[in-house]
Amino acid sequence: MSSNYTFQTKLLHNNQKFDPETGAVSVPIQHASTFHQKDIDVFGKYDYSRSLNPTREALEEVIAELEEGIRGFAFSSGMAAISTAFLLLSQGDHVVITEDVYGGTYRMTTEVLSRFGIEHTFVDMTNLEEVKEAIRPNTKVFYVETPSNPLLKVTDIQAISSLARQHGALTFVDNTFLTPALQKPLSLGADIVLHSATKFLSGHSDVVAGLAVVKDPDLGARLAFLQNSFGAVLGVQDAWLVLRGIKTLQVRLDQSVKSAKKIAGFLNDHPSVKKVHYPGFADHPGYKIQKMQAVNAGAVLSFELEDELSMRTFVENAKIPVFAVSLGAVESILSYPAKMSHAAMPASEREQRGITDSLLRLSVGLESADDIIEDFKAALSAAGKTKHSILQRG
Ligand SMILES: *Cc1c(COP(=O)(O)O)cnc(C)c1O
């Protein structure tokens with residue numbers, strides 16, 4: 001019904017615009033766990049809420065339309081969505097997975113899937129030769145996260161998807177960092193798009209949720225079977241919160257991306273900042289691919305300070321962002337990947353992947369970019385002074 005609208009309009013004018021029964025402009029929260037069946041032989045559309053619930057279904061329809069897929073699934077967390085998708089694999093299968101994958105996905109792959117005899121090879125997904133070398137006869141899934149966390153490395157979704165197709169394997173893309181507002185992996189050839197809806201989609205740091213979308217009906221039926229079998233479904237209150245968050249996705253992202261560009265530029269020019277990782281910079285190695293496959297570079301960046309002490313002083317002095325795990329919220333969030341998102345990764349692995357002890361990640365929220373820049377100026381100056389006084393003390 002709404003296929004001719006732009007993405008921004010579709011966020012509001014979709015099948016859930018109003019409730020056909022009452023005209024209510026907000027999706028009703030259906031708490032019922034079970035549904036009365038009028039006929040002993042033929043059950044109604046809904047029978048039990050783990051299998052299907054009208055409120056969760058509304059969210060599943062909305063995300064399927066926004067990702068340009070045919071079927072969506074809502075889970076109790078991003079990790080529940082990712083783990084359920086991994087259940088498509090069987091003992092003896094092999095996964096080629098990006099080396100700077102989200103810490104929880106790293107943990108799931110290395111410590112859980114491995115116990116079930118599902119093998120994996122970590123690769124630099126931005127290096128197609130390395131990806132090709134990792135392929136085995138039993139490779140069934142290519143697992144992509146782009147831009148990656150926390151180094152914002154950009155993977156060519158089209159290239160990986162066609163490689164996967166040639167080998168009869170599926171491509172999973174974690175689209176948490178960009179959302180369908182900025183990148184649509186299914187239209188670039190991916191088979192399953194995954195989300196931590198805890199982040200930008202809901203956007204207010206007040207709900208934990210996960211989503212998955214597919215474009216193939218058979219794959220949809222297999223995932224529906226697994227969603228019902230494993231049972232990590234999203235509760236109805238939380239489904240409603242995600243639905244509400246999605247309505248403002250475009251305006252929140254527009255504002256945050258604008259600020260992220262400005263802040264990234266400021267950090268890049270600052271002498272106390274060693275390196276800024278942001279795919280919006282023309283000299284970022286993934287800039288061209290990012291431009292080709294996404295609307296812009298998103299609202300997350302990371303940066304390295306001189307050393308761990310400068311990093312600590314900066315964090316102690318930066319007043320605006322909350323210092324926390326997570327991203328994609330109305331408030332800016334500063335996090336320390338080495339001890340937060342990537343704590344599950346052994347130190348040697350982390351360092352090897354470039355996730356150093358002086359690296360910070362910033363998810364830009366809706367505050368004034370100028371206020372954040374002033375705040376960071378003061379914090380960087382404090383960090384510079386610490387270093388100076390140590391040098392003087394010799
Ligand atoms: C947060 C996050 C996840 C995990 O999602 P949860 O909702 O915390 O379970 C997965 N991938 C990425 C990129 C994330 O940022």
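**Exercise 1. The domain interface**

How much area do domain 1 and domain 2 bury between them, and what percentage of it is on carbon and sulfur atoms?

*Solution.* The model is a predicted one.

Step 1. Establish the two parts. The domain assignment of the chain gives domain 1 as residues 7-247 and domain 2 as residues 250-387. Their C-alpha centres lie 27 Å apart.

Step 2. Identify the contacts. On the side of domain 1, 39 residues are in contact with 41 residues of domain 2.

Step 3. State the area. The size of an interface is often expressed as the accessible area that is lost when the parts come together. Here, domain 1 and domain 2 bury about 3,200 Å² between them, and 62% of this is on carbon and sulfur atoms. Leu 151, Leu 182 and Phe 200 supply 22% of the area that domain 1 buries against domain 2, more than any other three residues.

**Exercise 2. The character of the interface**

Determine which polar interactions link the two domains, and describe the side that domain 1 presents.

*Solution.*

Step 1. Search for salt bridges. Across the interface of domain 1 and domain 2 the rule finds zero salt bridges, whereas a search of the whole structure finds 12.

Step 2. Count polar contacts. Between the domains there are 15 residue pairs in polar contact, with both residues at pLDDT 80 or more.

Step 3. Assign the elements. Helices H1 (7-10), H4 (103-112), H6 (157-166), H7 (179-182) and H9 (236-247) each give two or more residues to the side of domain 1 that touches domain 2.

Step 4. Sort by class. That side of domain 1 has 20 nonpolar, 13 polar and six charged residues.

**Exercise 3. The ligand site**

How many residues surround the ligand, and which are the closest?

*Solution.*

Step 1. Survey the surroundings. The ligand is surrounded by 14 residues, the closest being Met 79, Asp 174, Ser 196, Thr 198 and Lys 199.

Step 2. Examine the distances to ligand oxygen atoms. A side-chain N or O atom of Lys 199 is 2.7 Å from an oxygen atom of the ligand. A polar side-chain atom of Ser 196 lies 2.8 Å from a ligand oxygen atom.

Step 3. Include the backbone. Gly 78 places a backbone N or O atom 2.8 Å from an oxygen atom of the ligand.

**Exercise 4. The loop between E4 and H6**

Describe the salt bridge and the cis peptide bonds that involve this loop.

*Solution.*

Step 1. Locate the salt bridge. Lys 153 pairs with Glu 99, and their closest N and O atoms are 3.4 Å apart. The pair links distant parts of the chain, 54 residues apart: Lys 153 is in the loop between strand E4 (139-145) and H6, and Glu 99 is in the loop between strand E2 (94-98) and H4.

Step 2. Inspect the peptide bonds. Thr 146 and Pro 147 are joined by a cis peptide bond with omega about -10°. Another cis peptide bond joins Asn 149 and Pro 150, with omega about 0°. Pro 147 is found in the loop between E4 and H6, and Pro 150 is also found there.

**Exercise 5. A backbone angle**

Where is Glu 68 placed, and what is the value of its phi?

*Solution.*

Step 1. Glu 68 is in the loop between helix H2 (54-66) and strand E1 (71-75).

Step 2. Its phi is near 60°, a positive value in a residue other than glycine. Most residues other than glycine have a negative phi.

Technical notes. Residues are numbered from 1 along each chain as its sequence is written. This is a predicted model: local features need pLDDT of at least 70, side-chain atom pairs count only at pLDDT 80 or more; totals for chains, interfaces and linings use all residues. Side-chain values use heavy atoms; hydrogens and water are left out. Domain bounds come from an automatic or database domain assignment. Contact means heavy atoms within 4.5 Å. Buried area is the accessible area (1.4 Å probe) that two parts lose on being put together, summed over both. A salt bridge is a side-chain nitrogen of Lys or Arg within 4 Å of a carboxyl oxygen of Asp or Glu. A polar contact is a pair of N or O atoms within 3.5 Å; within protein, one must be able to donate a hydrogen and the other to accept it, and residues adjacent in sequence count only if both atoms are side-chain atoms. Helices (H or I, at least four residues) and strands (E, at least two) are DSSP runs, numbered from the N terminus. Ala, Val, Leu, Ile, Met, Phe, Trp, Tyr, Cys and Pro count as nonpolar, Asp, Glu, Lys and Arg as charged, and the others, Gly among them, as polar. A residue is near a molecule or strand if one of its heavy atoms lies within 4 Å of it.
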